[in-house]
Every structure is written in C-alpha cells, then in structure tokens.
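Please look through the sequence and the model before reading on. The paragraphs below start from one pair of side chains and then widen the view step by step.

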Amino acid sequence: MNSMGKRNNVTEFVFWGLSQNLEVEEVCFVVFSFFYAVILLGNLLIMLTVYKGSLFKLPMYFFLSCLSFVDICYSSVTAPKMIVDLLAKHKTISYEGCMLQLFGVHFFGCTEIFILTVMAYDRYVAICQPLHYMTIMSQDRCSKMLLGAWLGGFLHSIIQVALIVQLPFCGPNEIDHYFCDVHPMLKLACTDTYVVSVVVTANSGTIALGSFVILLISYTVILVSLRRQSADGRRKALSTCGSHVAVVIIFFGPCTFMYMRPDTTFSEDKTVAVFYTIITPMLNPLIYTMRNAEVKNVMKKLWGSKVFWEANDK
C-alpha cells in the first residue's frame, strides 16, 4: 500500500530530450522530421511493392514486408513524440503514457529481432538446402514463425513493463532521454532496483546477444557453403546476405551496447538509441531495395521510376 502511495506521487515524467540547446533542437527537428518521413515512405513503398507485385508468396519478401511494417510501428512509438518535443518548452509524458511507450519500444524492438533471425534462417535454407526450400519454408510454416516472433516480442515486453510498473516513483521525475526506457526508469525508482536490473538485463541481454550470435553463426555457415555455388549464385547470395548482415550490425550493435550491461546510464545512450529507433528503420528500405535486383525490377514495373533506378544501377 505504501509502495502504491509512493508511485502515485509521480503522475508525469519530464524528458531532457536530445539536447538543451535551442539551436541544436531546431536543427534536429528538421533532420528527424525528414528521417521520419523517409521511414514512413520507404517502408510503405516496400510493403506496397511486395503486395502489388505478389512477392508476398515468396518467404523472403513476406518477411521483408513484415519487417517494414514493424519498422514503421517501432519508430512511431518514439519519433513523433521526440520531434514534437524538440520544439516544446516542457517535454512531459504521463505515467501511463510512459508505460505504454516502454511497452511499445520493447514489443516492436524484440519482434524486429525475431523477424531478422527468421530472415537469416530463410536465407540459410535457400542457400544451403535449395532443393527442399519450398517444402521447409511453406506458407503455413512462415505464418507460424511470424506468429512466434510477435508472441515472443509480446512476452518480452510484458515482462519488462511488469518489472517497472511495480516500482515506486516518488521523485525526481526527470528522465535524461527522449523516450521511456528501462535503465532511465530504474534510475528514478526510489527503492533498491538491483534484483530488477539483473532480471531486466538478463531478459533484454539474452535476447539481443543470443539472437546476434545465432545470426552470426547462420551467416558464417552460409558464407562457407557459398564455395560450392556457381559464380553467379555466389554473387546473388552475397548481394542478398550482404544487405541482411548490414542491417543486423547497425541494429544489434547499439542494442547490445544498451541492454547487455547492468543498471547504468551513459550520456551517449541517447545518441546510441537514435541508431536502433530511427536510423535502422530508415536505412532498411534503402539497404534492401538497393541491394536486391528483384525488388528493384518489380518497383520499376509498378511505379515506373526508371530514371531513378537506372541511375542506381550504374
């Protein structure tokens, strides 16, 4: 009961944001507004291309369109609020809004991790077991793997929120970040958070590092198996896998830095978080389309922007 009373002392939190410099904030407003527009347009373009080009029947593009959807949701949990706050004098968020944002960040972030892992498995089967590819990666199995990714993300985020929501917050209520995340929230709790921080690190860290190791092993096996492929087969496989590896490094590098450590916060955390909440969702469409001839060809047919795509081919 006393814990509930303490928690009710804080009804809202105040973000420090990316910067306290007004000129820097104005520049950031323009830059991140552009980035968010690119995230929405780029990922929507991929989803429409996959759907209108009937590529969703192929496992790789089915998961790619799902990844684009998750990227839009993931960035939308933090980017609009951050962009509005860049021009706001008081950057506040309600207690309930903070918990919802915490849930959204971990739900869509973890779901993205699992989808990237499934995409690596898809490439492994396509390259290492091509004769059994359509049998192994049937539509039914792909749907089940996607469902598993969503359920895994949901379970992870529910655990994170359950750990934070039971903590008492009695002030101060200022968060040195631009969104609600576990480490800044643990820092504000007016009780010993050692056990909670260990569980949080184990939960997030195991998923981030475990998936990263699985992905590295998968792509290493793929690269080794490419020696048996023809020169043309090697070129196509390297092009596709190269784009996947680039996304994995950009996303998992910052994630591992943030969540594979105990209850400590650094001044660099906000900059690092920008990479996996905004930069990665923005780069995914560019990386996957520029490195994928099939997607580019379908885009040429559907959207007719031949000048743009031919310029990129040169």
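**Salt bridges, a cavity and the overall fold**

In this predicted model, the side chains of Asp85 and Lys81 meet in a salt bridge, with 3.3 Å from N to O. Both residues belong to helix H3, where Asp85 and Lys81 stand four residues apart, about one turn of the helix. The two partners fall into separate accessibility classes: Asp85 has a relative accessible area of 6% and therefore counts as buried, since buried means under 20%, whereas Lys81, at 23% relative accessibility, counts as partly exposed.

A second pair can be read in the same manner. The side chains of Lys144 and Asp140 form a salt bridge with an N to O distance of 3.3 Å, and Lys144 and Asp140 lie in helix H6, which covers residues 139–165, again four residues apart, or about one turn of the helix. Here Lys144 is exposed, because its relative accessible area of 56% is over the limit of 50%, while Asp140, with a relative accessible area of 49%, is partly exposed.

The count of salt bridges comes to five, and one of them joins Lys91 and Glu25, whose side chains meet at 3.0 Å, N to O. This pair links distant parts of the chain, for Lys91 sits in the loop between helix H3 (59–85) and strand E2 (92–94), Glu25 sits in helix H2 (residues 22–52), and the two are 66 residues apart. How accessible are the two partners, buried or exposed? Lys91 has 9% relative accessibility and counts as buried, and Glu25, with a relative accessible area of 3%, is buried too. Leaving aside residues up to four places away in sequence, Glu25 touches Ser19 and Leu86 as well as Lys91.

From these charged pairs the path leads to the enclosed space of the model. A search of the whole structure finds three cavities of 30 Å³ or more, and the largest cavity holds about 140 Å³ of space. Of the 14 residues that line this largest cavity, those closest to its centre are His106, Cys110, Ile113, His156 and Tyr259. Which elements give two or more residues to the lining? They are helix H4 (95–128), helix H8 (194–225) and helix H9 (231–259), and H4 gives the most, with five residues. What is the make-up of this lining by class? The lining of the largest cavity has 10 nonpolar residues and four polar ones, and no charged residues.

Ser204 offers a view of contacts that involve several of the residues just named. Ser204 lies in helix H8 and, at 6% relative accessibility, counts as buried. The side chain of Ser204 makes a polar contact of 2.7 Å with the side chain of Gln160. When residues up to four places away in sequence are not counted, Ser204 touches His106, His156, Gln160 and Tyr259; His106, His156 and Tyr259 are also among the residues closest to the centre of the largest cavity.

The view can now be widened to the chain as a whole. The protein chain contains 12 helices and three strands, and 50% of its 314 residues count as buried. Among the contacts in the protein chain with a separation of 6 or more, 80% are accounted for by residues 24 or more positions apart. The salt bridge between Lys91 and Glu25, with its partners 66 residues apart, gives one example of a link between distant parts of the chain.

A further pair shows how positions remote in sequence are placed in space. Leu286 and Gly42 are 244 residues apart in sequence, and their C-alpha atoms are 7.4 Å apart. Leu286 is found in helix H10, which runs over residues 269–290, and with 41% relative accessibility Leu286 counts as partly exposed.

Taken together, the model can be followed from the bridge between Asp85 and Lys81 within helix H3, through the bridge that ties Lys91 to Glu25 in helix H2, to the largest cavity, to whose lining helices H4, H8 and H9 each give two or more residues.

Methods
Residues numbered from 1 in each chain as written. Predicted model: local features only at pLDDT ≥ 70, side-chain atom pairs only at ≥ 80, totals over all residues. Heavy atoms only, no water. 1 Å grid on protein atoms, 1.4 Å probe; cavity = no way out; pocket = protein on both sides within 12 Å on 5 of 7 lines; lining within 4 Å. Points joined across faces, edges and corners; volume = space filled by probe spheres on them. Nonpolar A, V, L, I, M, F, W, Y, C, P; charged D, E, K, R; others polar. Buried < 20%, exposed > 50% of the residue type's maximum accessible area, 1.4 Å probe, protein only. Polar contact = N/O pair within 3.5 Å; in protein donor to acceptor, adjacent residues only side chain to side chain. Contact = heavy atoms within 4.5 Å. Salt bridge = Lys/Arg side-chain N within 4 Å of Asp/Glu carboxyl O.
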